[in-house]
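Reader: Please choose one part of this model and take me through it slowly, from a single residue outwards. I am new to this, so please explain each term as it comes up.

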Amino acid sequence: MLQSIIEMLHSIIEMLHSIIGDITGENNRILIRGTVVLMKKNVLDFTDFRSSIIDRVYELVGKGVSLQLVSAVHADPTNGLQGQVGKPAYLKGWITTITSLTAGESAFKVTFGHDAEIGQPGAFIIRNNHRSEFYLRTLTLEDVPGHGRIHFVCNSWVYPADKYDTDRVFFTNQTYVPSETPGPLRGYRESELVNLRGDGTGELKEWDRVYDYAYYNDLGNPDRDPKSTKYDRPVLGGSVEYPYPRRGRTGRPPSETDPNTESRLPLLMSLNIYVPRDERFGHIKKSDFLAYALKALVQFVLPEFETLCDSTPNEFDSFQDVFQLYEGFKVPDGPLLDKIKENIPLEMLKELVRTDEEGLFKFPTPQVIKEDKSAWRTDKEFAREMLAGLNPVVIRRLEEFPPESKLDPEVYGNQNSSITKEHIENHLDGLTINKALEKKRLFILDHHDTLMPYLRKINMTSTKTYASRTVLFLKDGGTLKPLAIELSLPHPDGDKFGAVSKVYTPAEHGVEGSIWQLAKAYAAVNDSGHHQLLSHWLNTHAVIEPFVIATNRQLSVLHPINKLLDPHFRDTMNINALARQILINAGGVVESTVYPSKYAMEMSSIVYKNWVFTEQALPADLINRGMAEKDSDAPHGLRLVLDDYPYAVDGLEIWSAIETWVEDYCSFYYKTDEMVEKDSELQSWWKELREEGHGDKKDEAWWPKMHTVKELMDTCTIIIWVASALHAAVNFGQYPYAGFLPNRPTISRRFMPEEGTPEYEELKSNPEKAFLKTITAQLQTLLGISLIEILSRHSSDEVYLGQRDTPEWTQDATPLKAFEKFGRKLADIEENIIKRNGDEKFKNRVGPVNMPYTLLYPTSKGGLTGKGIPNSVSI
């Protein structure tokens, strides 16, 4: 009834406006007709119906949404020579456009009177006089006299005008370096950047658009237990001891217990953690899946799993018990299970407690056991996953024997490897060790130096593990076989006495075979921790966030490099903020499920000391690890030492495609090195990135100087590679490979059984049970695979490499054609990957588990697919 009355009043007012227009002659002016595409808030928040009604009432009393065109050619001398501003025009049909409660955009008409003083519009000002915000997608003007169609790409939340100190301004899809910006638009361009930087003070609110830097001082929670240090964590960043990339500032006050630690949001408020509004997860319904699922996991699923594990205190007794997770297992009825079902907010999230009619809970079957339930245990698969698995970025060619440590002997004593030629020389297909080294056929997965400085602390927690080195040999058929695994502990008398090490060699039968399986598990635990904390979190999520912040603070949306990089920053600040709140915080999910426990993030800070931006380029990384050599005659200018290295083969094709796209794009806007040097925004961006975003690395000599077009191209290629392909390679295989946790255990809970102990006798009599009692426990297994299932999924609105969510992202035809070429090249790469996976001569691409390597296959559908390269670190 109320809606009908509002619509009737609106019709009367519209008729009066038309009569007045006829009398004044306003209706006879030349008009510019436009279409605004936006999404009302009530589409996204169906609890906000009251605001929707109030907005309609506001429309009736003249408090609508107004737009004013800004001239790109005529300056206003009374307004600091900024562009002339036209008269307000209002969106039509807000009252009569009823939007459904499902995700969807609405188109509204707007009519501007043509004003000769405006000429060509280059921007527009929008004021939202309603009570609630909306998501503004685009404005398109038709038949602008002398200019035809003009398009504005907005993609931004517009809050009520009283939330802002300055007007919201949007620019056309033109692209300008600063010196070529039309004079009347320069002031607006500069003011917009000032607004985005903020003033560095105060707690930031959801409508704020401020991008600013902070240390990682929000991981600890000393207020949770002020009488102990259980939840204290060091501040990461801003010190020589704990350097780190910067995160986005929230401005929350310090904790009561420690003034250097930022206070934390309550768990119930996790989704409200501040990030600039346009950086929050997308508005398509699937996009909130991630946020709600993570919250539900911690808030409701974890307590239920704890109850389940308490009611079934026996551990997994056999691999069949683990397989039961994918075939269905009974969850005890009770109030906690009911609480989960009641509190997961969207129907689709019921997947988190997938139960069939019989009340059986089950997880999707991971690909690694889908075709063969035992192939994961083979030495061949163990080695293959170092080349085509979840963490294919660590293995390196062995260049000296025995392997040497780089740890300071003054502090750590002798940490060199105790593997001898007697351990391996009889397994080198007739080669001597020196000959195998010379022929580049020895490789190593080395998790010794990273772990050893922390091992004594880590083993004081519930974790019991070793530093490890795994040495492998390249066979004639192109596959790797493990030769020896060295497990090392700190010397009981002190670090300066060196390591206490034991070497294990392959065995298939009896207790020796069981011990070898455990040795591989300890090596896999180390690789899992390295993957999650370093390859994944540090080297993609954490290092990219400063680029997101610096780009928004220093490069205008009109800037060509902003337009190039912006798609590769989508959702990154939001997922990182959510990770700090739920996953990597003190007592969070990662500390509960990965072996370094409370030292996890601290360890990643120590490793960041050795991070080098230029070495994140794939070719540089492969050369540094000895996995490739420069060769001008080889594809991509590199010759792989190991031809059948799926990550490197597919990765180099993707890298080359990105590199060509970036070169085509940058060369259109930057014809000379001088243009790079004189681009004020570009130089400010690069200075701030080095001195603030990665401020603990500001004095490193390896930073590009940003004096040449080549340096700009190389820099942008690395950024896009890290945010897209590198992240995809180490993220979306998590569930396919590690969803079956015995294949990628994340924790070890006891040391290798020694002869003469009850544990050793158990290993002899029941090796499966002994194995499962050593690796990740039942509760951590359930929690861990629940987490990685969420993190391995693509949302249905994902935008992949070679795609844009806005086709008219620039008006310049040459870059648009270059981007189309980039997309075609990626489609060719997809075909190449399919062909290689079907070629039996490439034995590392499918392996004993019959699981094709697709982690660098560019596109995917939504869900759990084990392929697809999103544009950004979006999950």
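Author: A residue is called buried when its relative accessible area is under 20%, exposed when that area is over 50%, and partly exposed in between, with a 1.4 Å probe and protein chains only. By that rule Ile-719 counts as buried, because its relative accessibility is 0%. This is a predicted model, in which local features need pLDDT of at least 70 and side-chain atom pairs count only at pLDDT 80 or more, while totals for chains, interfaces and linings use all residues. Residues are numbered from 1 along each chain as its sequence is written, and side-chain values use heavy atoms, with hydrogens and water left out.

Ile-719 is found in helix 22, where helices (H or I, at least four residues) and strands (E, at least two) are DSSP runs numbered from the N terminus. Leaving out residues up to four places away in sequence, Ile-719 touches Ile-544, Phe-547, Leu-565, Phe-569, Phe-613 and Trp-685, a contact being heavy atoms within 4.5 Å. The C-alpha atom of Ile-719 is also 8.7 Å from that of Gln-616, although 103 residues separate the two along the chain.

Helix 22 as a whole covers residues 709-731, and 21 of its 23 residues are buried, so that the helix is mostly covered. Its expected span (1.5 Å times one less than its number of residues) is 33 Å, and this agrees with the 32 Å between its end C-alpha atoms. Helix 22 nevertheless has a kink of about 40 degrees, centred on Val-722, where the bend is the angle between axes fitted to the seven residues ending at a residue and the seven starting there.

We can now widen the view to the nonpolar cores, which are sets of buried Ala, Val, Leu, Ile, Met, Phe, Trp, Tyr and Cys residues joined through side-chain atoms within 4.5 Å. The largest of these has 177 residues, and those with the most contacts inside it are Ile-561, Leu-564, Leu-622, Tyr-647, Trp-685 and Trp-721. Helix 13, residues 510-554, gives the most to this core, with 20 residues. With neighbours within four places in sequence set aside, Ile-561 is in contact with Leu-555, Cys-666, Tyr-670, Leu-682, Leu-712 and Cys-716. A second, separate core of 25 residues includes Leu-67, Phe-112, Phe-124 and Cys-154.

For contrast with the helix, consider an open sheet of four strands in the order 5-1-7-8, with antiparallel pairing; two strands pair if DSSP finds at least two bridges between them. Its edge strands, each pairing on one side only, are strand 5 (106-113) and strand 8 (148-158). Strand 1, residues 31-40, is joined to strand 5 over eight antiparallel bridges, with Leu-31 standing opposite Gly-113 in strand 5. Eight antiparallel bridges also link strand 1 to strand 7, where the bridge partner of Arg-33 is Glu-142. Like helix 22, strand 1 is mostly covered, and eight of its ten residues are buried.

Finally, the whole chain gives these parts their setting. Its secondary structure comes to 27 helices and 20 strands, and buried residues make up 59% of its 875 residues. Among contacts between residues at least 6 apart in sequence, 75% join residues at least 24 apart.
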